[in-house]
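Reader: Please take me through this model feature by feature. Give me the general idea, then the case at hand.

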Amino acid sequence: MTKKAPAPVPIRHLIWLGWKLVILLSIALCFFALLRLRFSPDFSSSPNSFSRARARSRISRDNFDGPPKIAFLFLARLNLPLDFLWGSFFENADVANFSIYIHSTPGFVFDDSTSRSHFFYDRQLTDSIQVVWGESSMIESERLLLATALEDPANQRFVLLSDSCVPLYYFSYIYRYLMASSRSFVDSFLDLKDGRYHPKMSPVIPKDKWRKGSQWIFLIRSHAEVIVDDKVVLPVFKKFCKRRPPLDTSKGKLNIKLQKQHNCIPDEHYVPTLFAMSELEGELERRTLTYTLWNQSAEKMDNKAWHPVTYNYADASPKRLKEIKDINHVYYESEFRTEWCRTNSTFVPCFLFARKFSQGAAMRLLSEGVVGPFEVSSLLGNPS
């Protein structure tokens, strides 16, 4: 008895099966795309944010009429211990040429009971946050200062300062120096030794875009807007750039485990890395305007290792100040790069500000007329 051959599958069934496979594949691809959007930051959108920042900057400049201002942005732990020196500095300036913003401890108010200088009265941010050194809160406080200062279209230059910074020249010289340049001054160099780059930052932050530099920056308006508008790089920093807990002898052997954790100091990397990511390095002077002398201790267990040296009264001599002012270049060992200090092809001093200065050192600068004519009254009425 012969077997019957199987009946051929109708062609319409084959077509229907093919369509079902196409539909299932499409659904799977859509689901995969949604997962990528949910769990991976999309850096392709960031150039649009940079473009919006630049466009808004152009509009604000076109609509702005009047003298451009420098916004002085102070990061303070509480009050400003050197306010008497800065008060004398601003006394010798036209109030139309500068503005002041202070990020301090939430709730702290600058008035006649907390500051020697009226220039700082009520200049604190109302939305300040608690800042912890070595954490991303430092970056967020800088962004808050920039965002507040950007609300005034007259602010065309922005300089970030600590509560231990001092000016090295009269206001008029600093104003001319900064306004003459169309570039931002951002310390930025390759970080090849510290191992602070976390592999999980990739692919949002490629390793070849990782940079290090001083947090004390000077910005033109369009670059300040890039920082405020950033929604791509900052979340990655919050997640993967965290300070390793400091050594604590009371924890004994637990220190060995803690010291194996990845170590990263956000404020030393965020701005130069962001600008490298946004292809802005060609618009920068890749150096800081704020001088810092570092204690390069060789002992790893030394708590003072690689911390800025504090200048006291004896250290703030005319000879030492002249040495700082005479510096005309900076050498970056990791890139074998010498950064000659110039503005519009004209050689200029590298530094306009310096840190860290004690009150005694600041008094010496004031008495010797470094920032302006000395007035004894500026030292009176010391707030508690």
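Author: What follows covers a sheet, a helix, aromatic rings, disulfides and salt bridges.

Author: First, the ground rules. This is a predicted model, where local features need pLDDT of at least 70, side-chain atom pairs count only at pLDDT 80 or more, and totals for chains, interfaces and linings use all residues. Residues are numbered from 1 along each chain as its sequence is written, and side-chain values use heavy atoms, with hydrogens and water left out.

Reader: Start with the sheet. In what order do the three strands of the open sheet lie?

Author: Strands of a sheet pair through backbone hydrogen bonds, parallel or antiparallel. Strands here are DSSP runs of E, at least two residues; helices are runs of H or I, at least four; both are numbered from the N terminus. Two strands pair if DSSP finds at least two bridges between them. In this structure the order is β4-β17-β10, with mixed pairing. The edge strands, β4 (166–167) and β10 (290–292), each pair on one side only.

Reader: In which sense do β4 and β17 pair?

Author: Antiparallel, over two bridges, with β17 spanning residues 353–355. Pro-167 stands opposite Phe-353 of β17.

Reader: Now burial. How many of the nine residues of helix α6 are buried?

Author: Buried means under 20% relative accessible area, exposed means over 50%, and partly exposed lies in between (1.4 Å probe, protein chains only). In α6 (residues 221–229), nine of the nine residues are buried, so the helix is largely enclosed by the rest of the structure. Charged residues are on that list too: Arg-221, Glu-225 and Asp-229 are among the buried ones.

Reader: Next, the aromatics. How many aromatic pairs does a search of the whole structure find?

Author: A pair of aromatic rings is described by the distance of the centres and the angle of the planes. Rings of Phe, Tyr and Trp (its six-membered ring) pair if their centres lie within 6.5 Å; planes under 30 degrees apart are stacked, over 60 edge-to-face, the rest tilted. The search finds 29 pairs. Take Phe-90 and Phe-119: the centres are 5.8 Å apart and the planes at 50 degrees, so this pair is tilted. Phe-90 is in helix α3 (residues 83–91), while Phe-119 is in the loop between β2 (98–103) and α4 (137–149), 29 residues apart. Both rings belong to buried residues.

Reader: Which residues do ring pairs link into a cluster?

Author: The cluster includes Phe-90, Phe-119, Trp-86, Tyr-175 and Phe-353. Recall that Phe-353 stands opposite Pro-167.

Reader: Which charge lies over the face of Tyr-332?

Author: A charge sits over a ring if NZ of Lys or CZ of Arg is within 6 Å of the ring centre and within 35 degrees of the ring normal. Arg-337 does so at Tyr-332, at 4.2 Å from the ring centre. Arg-364 sits over Tyr-313, 5.0 Å from its centre.

Reader: On to disulfides. How many does the structure hold?

Author: A disulfide is a pair of cysteine sulfur atoms within 2.5 Å. The structure holds two. Cys-241 is joined to Cys-264, S to S 1.9 Å. This link is left-handed, with -75 degrees about the S-S bond. Cys-241 is buried at 2% relative accessible area, and Cys-264 is buried at 0%.

Reader: Is the link of Cys-341 and Cys-350 left-handed or right-handed?

Author: Right-handed, with 90 degrees about the S-S bond. The S to S distance is 1.8 Å. Both Cys-341 and Cys-350 are buried. Counting bonded cysteines along the chain, the pattern is 1-2, 3-4.

Reader: Last, salt bridges. How many are there?

Author: Side chains of opposite charge can pair when their charged atoms come close. A salt bridge is a side-chain nitrogen of Lys or Arg within 4 Å of a carboxyl oxygen of Asp or Glu. The structure holds 15. Asp-163 and Arg-77 meet at 3.1 Å, N to O. They lie 86 residues apart, Asp-163 in the loop between β3 (155–162) and β4, Arg-77 in the loop between β1 (69–75) and α3. Asp-163 is buried at 8%, whereas Arg-77 is exposed at 60%.

Reader: Which helices hold Lys-238 and Glu-140?

Author: Their side chains form a salt bridge at 3.1 Å, N to O. Lys-238 is in α7 and Glu-140 in α4, so the pair ties together parts 98 residues apart in sequence.
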